[in-house]
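Trainee: I'd like to go through this one with you and find out where the labels come from. Can we take it slowly?

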Amino acid sequence: MSDVAMPAGRRWTHVAVWIVRGLLALAFLGAGSAKLYGVPMMVEEFHHIGLGQGFRYLTGGLEVFGAILLVLPRKAAFGSLLLICIMIGAVITHLFVIGGSPVPAIVLLALNALVAYSQREEIASFAKAF
């Protein structure tokens, strides 16, 4: 459905989801880049996790990849699902390994869930293909 043919309420929802997708993409692009660049706080945090610095690179790369997918109209569903998985891991890590507040990860998880919900038709059609 084109934006012109959408009812006004749905058009605003569509715009709001695009804004959320853009903000999430910026947040994950920044966080992933910090991990890839080797910001000392990130290096120390992943050292404390105990899975090695390769895991920092993997996580950072996946965050950047997810951020890119979020801004691609036909790939946003996959980006949000990828980032949901990463944020579930982040929440668990904060709760059981490194401490600190899991609230930022929970907020990012919830916002990605909102994006995934808005893309539910795309996810369902992909699931039917398999």
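**Talking through the labels**

Mentor: Sure, let's start with Asn-112: leaving out residues up to four places away in sequence, Asn-112 touches Leu-24, Phe-28, Leu-70, Ser-80, Leu-83 and Ile-84. Keep in mind that this is a predicted model.

Trainee: What makes those residues count as touching Asn-112?

Mentor: A contact needs heavy atoms within 4.5 Å, and Leu-24 and Ser-80 are among the residues listed for Asn-112.

Trainee: And where does Asn-112 sit, and is Asn-112 buried or exposed?

Mentor: Asn-112 lies in helix α5. Its relative accessible area is 0%, and buried means under 20%, so Asn-112 is buried. As for spacing, Asn-112 and Ile-123 are 11 residues apart in sequence, and their C-alpha atoms are 14 Å apart in space.

Trainee: Let me step back for a moment. How many helices and strands does the chain have?

Mentor: Six helices and zero strands. Read from the N terminus, the elements go α-α-α-α-α-α. The C-alpha trace spans about 50 × 30 × 25 Å along its principal axes.

Trainee: How much of the chain is buried?

Mentor: Buried residues are 31% of the 130 residues. There's a figure for contacts too: take those with a separation of 6 or more, and 59% of them are between residues 24 or more positions apart.

Trainee: Back to helices. What describes how two packed helices meet?

Mentor: The angle between their axes and the distance between the axes. Take α5 (residues 103-118) and α6 (residues 120-129): their axes come within 4 Å and cross at roughly 65°.

Trainee: Why is the arrangement of α5 and α6 called roughly perpendicular?

Mentor: The label covers 65 to 115 degrees. With a crossing of roughly 65°, α5 and α6 are therefore roughly perpendicular to each other.

Trainee: Which residues make that contact?

Mentor: On the α5 side, Ala-116, Tyr-117 and Ser-118; on the α6 side, Arg-120, Glu-121 and Ile-123. Sorted by class, that contact has three nonpolar, one polar and two charged residues.

Trainee: Now the rings. How many aromatic pairs are there?

Mentor: The count comes to two aromatic pairs. One is Phe-46 with Phe-55, at 5.9 Å centre to centre and 55° between the planes.

Trainee: Why is the pair of Phe-46 and Phe-55 called tilted?

Mentor: Ring centres have to lie within 6.5 Å, stacked means planes under 30 degrees apart, and edge-to-face means over 60. The 5.9 Å qualifies Phe-46 and Phe-55 as a pair, and 55° makes the pair tilted.

Trainee: Are those two rings buried or exposed, or something in between?

Mentor: Buried is under 20% and exposed is over 50%. Phe-46, at 4%, is therefore buried, while Phe-55, at 32%, is partly exposed.

Trainee: And what makes the pair of Phe-78 and Phe-126 edge-to-face?

Mentor: Their planes are 80° apart, with 5.1 Å centre to centre, and edge-to-face begins over 60 degrees. This pair links distant parts of the chain, as Phe-78 is in helix α4 (residues 76-98) and Phe-126 is in helix α6, 48 residues apart. Phe-78 has a relative accessible area of 29%, so it is partly exposed; Phe-126 is partly exposed too, at 42%.

Trainee: What else does Phe-78 touch?

Mentor: Setting aside neighbours within four places in sequence, Phe-78 is in contact with Leu-69 and Glu-122 as well as Phe-126.

Trainee: How do you know that the charged end of Arg-21 sits over the ring of Trp-18?

Mentor: The distance limit is 6 Å from the ring centre, and the charge must also be within 35 degrees of the ring normal. Arg-21 is listed as sitting over the Trp-18 ring, 3.9 Å from its centre. Likewise, Arg-56 lies over the face of Tyr-57, at 4.4 Å from the ring centre.

Trainee: Last one: why is Leu-29 called partly exposed?

Mentor: Leu-29 has 37% relative accessibility, which falls between the 20% and 50% cut-offs, so Leu-29 counts as partly exposed. Leu-29 lies in helix α1 (residues 8-37) and touches Val-64 and Ala-67, not counting residues up to four places away in sequence.

Notes
Residues are numbered from 1 along each chain as its sequence is written. This is a predicted model: local features need pLDDT of at least 70, side-chain atom pairs count only at pLDDT 80 or more; totals for chains, interfaces and linings use all residues. Side-chain values use heavy atoms; hydrogens and water are left out. Axes are lines fitted to C-alpha atoms, for helices over the stretch in contact, and angles run from 0 to 180 degrees between N-to-C directions. Helices (H or I, at least four residues) and strands (E, at least two) are DSSP runs, numbered from the N terminus. Angles under 35 degrees count as roughly parallel, over 145 as roughly antiparallel, 65 to 115 as roughly perpendicular and the rest as oblique. Ala, Val, Leu, Ile, Met, Phe, Trp, Tyr, Cys and Pro count as nonpolar, Asp, Glu, Lys and Arg as charged, and the others, Gly among them, as polar. Rings of Phe, Tyr and Trp (its six-membered ring) pair if their centres lie within 6.5 Å; planes under 30 degrees apart count as stacked, over 60 as edge-to-face and the rest as tilted. Buried means under 20% relative accessible area, exposed over 50%, partly exposed in between (1.4 Å probe, protein chains only).
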